[in-house]
Amino acid sequence: MQLVLISGLSGSGKSVVLNVLEDAGYYCIDNLPANLLSQTMIFLEASGYDKVGITVDARSGDSFLKLPELVEQLRLHVDLRLIFLESKTETLVRRFSETRRRHPLSSDERSLREAIVLERELLSEIAQIGHHIDTSDLSANALRGWVKDLISLQSSRLTLLITSFGFKHGIPLDADLVFDVRCLPNPHYDPVLRPQTGRDADVIAFLEGVPEVAEMLADIQAYVTKWLPCYIGDNRAYLTVAIGCTGGQHRSVYFAEHLAAHFATLEQTLVRHRELR
């Protein structure tokens, strides 16, 4: 039986993920109290459901504190994945302001920002054992695509996620390892290359003409190769390697594509480009 648990901050996109699962044939439940999780799974399995998606979050109240323990118990009986969604505070404030929806933890005595801070604290323990997706700069369509890719992979093996990003837009909140390639020559300063990306032939040719690019790529590849077995031994389901340049268009994209091509022969690998639309 496959179970995808979705948790995370309010306003970070949990309903989008649940809709993706429902479209993929999962039986979905939104906002299930954490203390009903085990009984619900027993009932659904007895009823013949083999793919289930459930959101569990801070709206569960005090019972949510038991979720990490419940997750470990469920892992013994079902094929379980835990997806944890988060976003920058400024992004969440903007989303709630635009939709005019009330944060579930806000009150007359607690402002929106204070509610977000409180929710982060309540979710801190479960955040440590889930696969993080930072939705701060993601459109709903991009998030849907990422989730579709995730659920198509074997959950029994580690998935290596390699993402490019631009430092001027902030480091991804979901990164486990971050590498900075800003010291390398920037194609942005060539007017012909500026509108292209690290996936285009002209940019690739430019970067491959710089000896330091190949050296840094080899060093990053060697580092991840050396330490990947330790992360696998730590029983991780996901490892996110983030490659950053200034704008996230050229150098980081080139590096991410090449690293993903290399590691795809060794592990389940996904590549993302946060700044490419």
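1. In this predicted model, helix 7 (residues 201-208) packs against helix 9 with an angle of about 90° between them and an axis separation of 10 Å. Because angles of 65 to 115 degrees count as roughly perpendicular, helix 7 and helix 9 are therefore described as roughly perpendicular to each other. On the helix 7 side the residues that meet helix 9 are Ile204, Leu207 and Glu208, and their counterparts in helix 9 are Arg251, Tyr254 and His258. Sorted by class, the residues in this contact of helix 7 with helix 9 comprise three nonpolar, one polar and two charged.

2. Helix 9 (residues 251-263) also packs with helix 8 (residues 211-233), here at an angle of about 45° and with the axes 11 Å apart. Helix 8 and helix 9 are therefore oblique to each other, and the crossing in which helix 8 passes helix 9 is right-handed. Helix 8 contributes Val213, Met216, Leu217, Ile220, Gln221, Val224 and Thr225 to the contact, while helix 9 contributes Tyr254, Phe255, His258, Leu259, His262 and Phe263. In terms of class, the contact of helix 8 with helix 9 holds nine nonpolar and four polar residues, and no charged ones. Tyr254 and His258 of helix 9 thus appear in the contact with helix 7 as well as in the contact with helix 8.

3. Turning to the nonpolar cores, the largest has 30 residues, and those with the most contacts inside it are Leu3, Leu5, Leu37, Met41, Ile54, Leu80 and Ile126. The elements that give two or more residues to this core are strand 1 (2-8), strand 3 (51-55) and strand 4 (79-86), together with helix 2 (37-46), helix 3 (67-75), helix 4 (89-99) and helix 5 (112-127). Helix 5 supplies the largest share of this core, namely five residues.

4. For a local view of Ile54, one may list the residues that it touches once those up to four places away in sequence are left out: Leu3, Val4, Leu5, Ile6, Leu18, Ile29, Leu32, Leu37 and Met41. Apart from the core described above lies another one, of 27 residues, which includes Ile220, Cys245, Tyr254 and Phe255; of these, Ile220, Tyr254 and Phe255 are also named in the contact of helix 8 with helix 9.

5. A last point concerns Ser156, which sits in the loop between helix 6 (140-151) and strand 6 (159-166). Its relative accessible area is 68%, so Ser156 is classed as exposed. The C-alpha atom of Ser156 is separated by 9.8 Å from that of Asn235, although the two residues are 79 residues apart along the chain.

Conventions: Residues numbered from 1 in each chain as written. Predicted model: local features only at pLDDT ≥ 70, side-chain atom pairs only at ≥ 80, totals over all residues. Heavy atoms only, no water. Axes fitted to C-alpha atoms, helices over the stretch in contact; angles between N-to-C directions. Helix = DSSP H or I, 4+ residues; strand = E, 2+ residues; numbered from the N terminus. Parallel < 35°, antiparallel > 145°, perpendicular 65-115°, else oblique. Left-handed = near helix turned anticlockwise from the far one by under 90°. Contact = heavy atoms within 4.5 Å. Nonpolar A, V, L, I, M, F, W, Y, C, P; charged D, E, K, R; others polar. Core = buried A, V, L, I, M, F, W, Y, C linked by side-chain atoms within 4.5 Å. Buried < 20%, exposed > 50% of the residue type's maximum accessible area, 1.4 Å probe, protein only.
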